[in-house]
Amino acid sequence: MADGLAYAEIARGLDRPTSTITREVMRNGGPTAYRAGLAHRATERRAHRRRRTAPRDSNTPPQAYGRDAEAVREYEEVFATVFIQTGLPKMTALVLASLYTTDAGSLTASELAGRLQVSPASVSKAITFLESQGLIRRERDERRRERYIVDDDVMYQSTMASARATAHLGEVARQGVGILGSDSPAAARLESIARFVDFVSESIARAADQAREILHTKPETTSDGTT
């Protein structure tokens with residue numbers, strides 16, 4: 001990492017799969033924050049916790065689709081790390097990663113608490129934040145339990161909310177042009193920011209609309225059975 005080598009180069013040098021190197025780096029701070037000593041100690045702590053964990057009940061059903069439970073758990077940690085690097089708090093990132101890696105795309109608060117081995121209060125705080133950002137939605141199931149859901153439409157709505165927030169930044173920047181004097185360097189800077197943000201927010205919204213239309217449209221089938 002210190003030599004600036006790509007993951008594939010490191011993998012070849014250590015005779016390991018590239019995915020192993022990627023997982024190791026991402027679960028321990030990412031490419032800019034990875035420290036070998038800290039990563040080693042974290043690995044020792046995880047191994048110690050696994051030794052102390054009671055063996056799995058032989059009656060526990062196997063993972064769906066033949067999945068490796070340990071590989072899934074490690075992947076969820078990597079996925080959560082990526083969310084953390086975007087600015088999400090750790091528990092919020094873990095909740096979001098858990099929701100995205102379930103086949104149903106939804107979990108109850110108690111299911112999340114059990115899955116992450118944390119208190120319901122921690123889950124509730126994370127859910128409140130995610131919902132405020134439009135990253136999840138909630139609905140009640142047939143047993144009247146609240147379920148927290150991630151799906152394609154949630155991602156679209158979240159992206160559009162981000163575009164609106166970005167556009168608002170441009171509006172506020174442009175308000176300062178008149179206040180600071182249109183001929184001043186500060187006003188010119190704010191106008192430049194506003195133009196940049198306008199372009200970015202419009203591009204995001206347009207791309208989201210196009211992606212939703214293209215990716216979510218089911219192919220039409222003709223009378224002869226062709227698509």
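Buried means under 20% relative accessible area, exposed means over 50%, and partly exposed lies in between. Keep these cut-offs at hand. The model used here is predicted.

**Exercise 1. Classify the two partners of the salt bridge between glutamate 70 and arginine 73, and place them in the fold.**

Step 1. Start with the contact. The closest N and O atoms of glutamate 70 and arginine 73 are 2.5 Å apart. A salt bridge needs a side-chain nitrogen within 4 Å of a carboxyl oxygen.

Step 2. Take arginine 73. Its relative accessibility is 28%, so arginine 73 counts as partly exposed.

Step 3. Take glutamate 70. Its relative accessible area is 29%, so glutamate 70 is partly exposed.

Step 4. Place the pair. Both residues sit in helix H4 (residues 69-85). They are three residues apart, which means a separation of about one helical turn.

**Exercise 2. Work out which parts of the chain the salt bridge between arginine 115 and glutamate 76 ties together.**

Step 1. Check the distance. The side chains of arginine 115 and glutamate 76 meet at 2.5 Å, N to O.

Step 2. Find the helices. Arginine 115 lies in helix H6 (residues 109-116), and glutamate 76 lies in helix H4, so the bridge ties together parts that are 39 residues apart in sequence.

Step 3. Add the exposure. Arginine 115 is partly exposed, at 36% relative accessible area. Glutamate 76 has 13%, so glutamate 76 is buried.

**Exercise 3. Describe the salt bridge between arginine 195 and glutamate 191.**

Step 1. Note the gap. The closest N and O atoms of arginine 195 and glutamate 191 are 3.2 Å apart.

Step 2. Locate the pair. Both residues lie in helix H9 (residues 185-215). Four residues separate them along the sequence, about one turn of the helix.

Step 3. Classify each partner. Arginine 195 is exposed, with 59% relative accessible area. Glutamate 191 is partly exposed, with 21%.

Step 4. Widen the view. The whole structure holds 17 salt bridges. Glu111, Asp141, Arg145 and Arg147 are linked in a network of them.

**Exercise 4. Characterise the lining of the second largest pocket.**

Step 1. Give its volume. The second largest pocket has a volume of about 190 Å³.

Step 2. Name some lining residues. Among them are Met1, Ile10, Arg16, Thr20, Glu24 and Tyr34.

Step 3. Trace the helices. Helix H1 (7-14) and helix H2 (18-26) each supply at least two lining residues. H2 gives the largest share, four residues.

Step 4. Sort by type. The lining divides into seven nonpolar, one polar and two charged residues.

How values were computed. Residues are numbered from 1 along each chain as its sequence is written. This is a predicted model: local features need pLDDT of at least 70, side-chain atom pairs count only at pLDDT 80 or more; totals for chains, interfaces and linings use all residues. Side-chain values use heavy atoms; hydrogens and water are left out. Buried means under 20% relative accessible area, exposed over 50%, partly exposed in between (1.4 Å probe, protein chains only). On a 1 Å grid over the protein atoms alone, a cavity is a set of points where a 1.4 Å probe fits but cannot get out, and a pocket is an open set with protein on both sides within 12 Å along at least five of seven lines; lining residues have an atom within 4 Å of a point. Grid points are joined across faces, edges and corners, and a volume is the space filled by probe spheres set on the points. Ala, Val, Leu, Ile, Met, Phe, Trp, Tyr, Cys and Pro count as nonpolar, Asp, Glu, Lys and Arg as charged, and the others, Gly among them, as polar.
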